Amino acid sequence: MNTVGKLFAATAFLSLITTQACAAPIDVLYVTNGDSARLATVQGNTVTDISTTFGGAYPIAARSDGIWLSRYWGSAAPQQFDLNGNYLATAPSNPNSIFAVDGAVNGDINYALGNAFNSNATIYSFNKDWTNPSAMFSVTGSDLVGITFDSALGTLFVSDMRNIYQYSLGGALLSQFAHQSSRGSLAYEQSSDTLWYVRNGSNIIDQYSTAGAFLGSTTVNGLASNNWGAEFVTAAPSQEVPEPTSLALLGLGMAGLGIARRRKK
């Protein structure tokens, strides 16, 4: 095999390693059940209830400085909790009710899918404490519920009971693929660069690549409830650093270029 062929094979092998299915989420997954005021975590195959929040606490925005929960119904303001579920603060005002259940994070911006559980919905942006809602664009589907932000691609993923759709922040539909369950919430995991689909009322969560490949499922006993909100802690763009696997791939590429140069002498 020539140098180019070896480099291609090595790169493909490393790419396969970095995108292979995980037995369970690598990072801590936060899941909300506002009907029961439940905030829980999934780590590996274990679910832990970490806080009793408030009625309707569904849209979730998870960052390293804490979790902001908004409301699907009611007039009270959103609240902030630390990553262990302890109450920290209340927002200065309550945004207009948009009837959203899932949430997403992009730096200091939150996203939510207003008019959830319908065939037509609107994606809104918010401040990090869920104040100052601003309509972005409309989407269509069949019982729309889930939303998450892919920090690697800079795009939004939205789910209904049959499909997962990828949108640009300008509202262009970039791709779509079918998923294997009914309604649920959607979360992007930075460590694996994959999407996790949390089935509502089920102990099963499903993993997909952002290109649409089904990577597997894992069972988390005790998770089953009204799982309408789910997110991993998302680093702001300024906080992101290359993953170790990315650095290794970069190093291999540089080393390979060095080999190629030496062989040309």
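Modeller: Let's start with burial: a residue is buried under 20% relative accessible area, exposed over 50% and partly exposed in between, with a 1.4 Å probe and protein chains only as the setting. In the structure above, Phe137 has a relative accessible area of 11%, so Phe137 is buried. Before we go on, note that this is a predicted model: local features need pLDDT of at least 70 and side-chain atom pairs pLDDT 80 or more, while totals for chains, interfaces and linings use all residues. Residues are numbered from 1 along each chain as its sequence is written, and side-chain values use heavy atoms, without hydrogens and water.

Biologist: Thanks! What share of the 265 residues of the protein chain counts as buried?

Modeller: The share is 48% of the 265 residues.

Biologist: And how many helices and strands does the protein chain have?

Modeller: Both are DSSP runs numbered from the N terminus: H or I of at least four residues for a helix, E of at least two for a strand. Here the protein chain has two helices and 20 strands.

Biologist: How should I read a sheet, and what is the order of the one that holds β16?

Modeller: Look for paired strands, meaning that DSSP finds at least two bridges between them. The order is β16-β17-β18-β19, an open sheet of four strands with antiparallel pairing. At its edges are β16 (184-189) and β19 (214-219); each has a single partner strand, so one side of each lacks a neighbour in the sheet. Further in, β17 (residues 194-199) and β18 (residues 204-209) run antiparallel and are joined by five bridges. For one place to look, find Leu195, which stands opposite Tyr208 in β18.

Biologist: Which strands make up the open sheet that includes β20?

Modeller: That sheet also has four strands, in the order β3-β2-β1-β20, again with antiparallel pairing. The edge strands β3 (46-52) and β20 (229-232) each pair on one side only. Between β1 (residues 29-33) and β20, which run antiparallel, there are four bridges, and Thr32 has Gly229 in β20 as its bridge partner.

Biologist: Now a hairpin, please. How many residues lie between β8 and β9?

Modeller: Two residues separate them in the hairpin, and Gly107 in the turn has a positive phi of about 65 degrees. The two strands run antiparallel, joined by four bridges; the bridge partner of Val105 in β9 is Asn110. Now follow the side chains along β8 (residues 103-106): Gly103 and Val105 point one way, Ala104 and Asn106 the other way, and all are buried.

Biologist: Two of those glycine and alanine positions bring me to Thr148. Is Thr148 buried or exposed?

Modeller: Thr148 is buried, since its relative accessibility is 0%. You will find Thr148 in strand β12 (residues 146-150). For its surroundings, count contacts, that is, heavy atoms within 4.5 Å. Not counting residues up to four places away in sequence, Thr148 touches several residues, including Gly103 and Ala104, Leu186 and Leu195, and Glu231. With Glu231, the side chain of Thr148 also shares a polar contact of 3.1 Å (a pair of N or O atoms within 3.5 Å; within protein, one must be able to donate a hydrogen and the other to accept it, and residues adjacent in sequence count only if both atoms are side-chain atoms).

Biologist: Which side chain does Asn163 make a polar contact with?

Modeller: The partner is the side chain of Tyr165, at 3.3 Å. Asn163 lies in strand β14 and is buried, with a relative accessible area of 18%. Beyond four places in sequence, Asn163 is in contact with Val158, Gln176, Phe177, Ala178 and His179.

Biologist: Last topic: rings. How many aromatic pairs does the structure hold?

Modeller: There are 10 aromatic pairs (rings of Phe, Tyr and Trp, its six-membered ring, with centres within 6.5 Å; planes under 30 degrees apart are stacked, over 60 edge-to-face, the rest tilted). Take Tyr111 and Phe149: their ring centres are 5.9 Å apart and their planes at 35 degrees, so the pair is tilted. Tyr111 sits in β9 (residues 109-114) and Phe149 in β12, so this pair ties together parts 38 residues apart in sequence. Both Tyr111 and Phe149 are buried. Phe137 and Tyr167 are also tilted, because their planes stand at 40 degrees, with centres 5.6 Å apart. That pair links β11 (residues 134-140) with β14 (residues 163-167), its two residues being 30 residues apart. Tyr167 is buried, at 6% relative accessible area. Finally, ring pairs link Tyr72, Phe99, Phe117 and Trp228 into a cluster.
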